[in-house]
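Here are some notes to read alongside the model. Please keep the sequence and the 3D view open while going through the points.

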Amino acid sequence: HQDCDVEPWRLGPLRLRVLFFGGLQRVAGCREAELELNDSTTPDVNLLTEQLLKTYPEIKPHLDSVAFAVGDELVDRKRILREGEQVGLLPPVSGG
């Protein structure tokens, strides 16, 4: 019998730690949260964004301008996420 190639994210929920920075902490009401991605599609930052909107609908007006970081690296919304990763939401920074 041949082994089936099953993508690891389809075996169960993917748990992530989400860190809110700057004004997003006030909007979300917390500094960090643990979220599970249960969808059977590719677990990327776009899917996390959908889950964030369900869990924290008040952040919707801010999400278009948020940068996402995994570890110390800025990532785009197509970045595949892995179990246990920390994803930071960084609001835009204005300088003067």
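1. A residue is called exposed when its relative accessible area is over 50%, and buried when that area is under 20%. G84 has a relative accessibility of 53%, so G84 counts as exposed. This glycine sits in the loop that runs between β4 and β5. Bear in mind throughout that the model is predicted.

2. Which residue is 5.7 Å from G84, C-alpha to C-alpha? The residue is R15, although R15 and G84 are 69 residues apart in sequence. R15 falls within strand β1, which covers residues 14-20.

3. The strands form an open sheet, and there are 5 of them. Read across the sheet, the order is β2-β1-β5-β3-β4, and the pairing is mixed. β2 (32-37) and β4 (73-75) are the edge strands; each has a single partner strand, so one side of each has no neighbour in the sheet. From one strand to the next, the twist averages 35 degrees.

4. Start with the β2 edge. β2 pairs with β1 in the antiparallel sense, and the pair has 6 bridges. One position to look up is L19, whose bridge partner in β2 is E32.

5. Next, consider β3 (67-70). β3 and β5 run antiparallel and are joined by 4 bridges. Within this pairing, F68 has L89 of β5 as its bridge partner. β3 also runs antiparallel to β4, with 3 bridges between them. Here the bridge partner of V70 is E73 in β4.

6. How many residues lie between β3 and β4 in their hairpin? There are 2, and G71, in the turn, has a positive phi of about 65 degrees.

7. A general point helps when viewing the strands: in a regular strand, side chains alternate between the two faces of the sheet.

8. Helix α2 (residues 45-55) lies across β1, β2, β3, β4 and β5 (86-90). The helix runs at about 115 degrees to β2.

9. Is T49, a residue of helix α2, buried or exposed? The relative accessible area of T49 is 9%, so T49 is buried, the cut-off being under 20%. Leaving aside residues up to four places away in sequence, T49 touches L63, F68 and R77. One of these, F68, is the residue already met as the bridge partner of L89 in β5. T49 of the helix therefore touches a residue that takes part in the sheet, with contact meaning heavy atoms within 4.5 Å.

Technical notes:
Residues are numbered from 1 along each chain as its sequence is written. This is a predicted model: local features need pLDDT of at least 70, side-chain atom pairs count only at pLDDT 80 or more; totals for chains, interfaces and linings use all residues. Side-chain values use heavy atoms; hydrogens and water are left out. Two strands pair if DSSP finds at least two bridges between them. Axes are lines fitted to C-alpha atoms, for helices over the stretch in contact, and angles run from 0 to 180 degrees between N-to-C directions. Buried means under 20% relative accessible area, exposed over 50%, partly exposed in between (1.4 Å probe, protein chains only).
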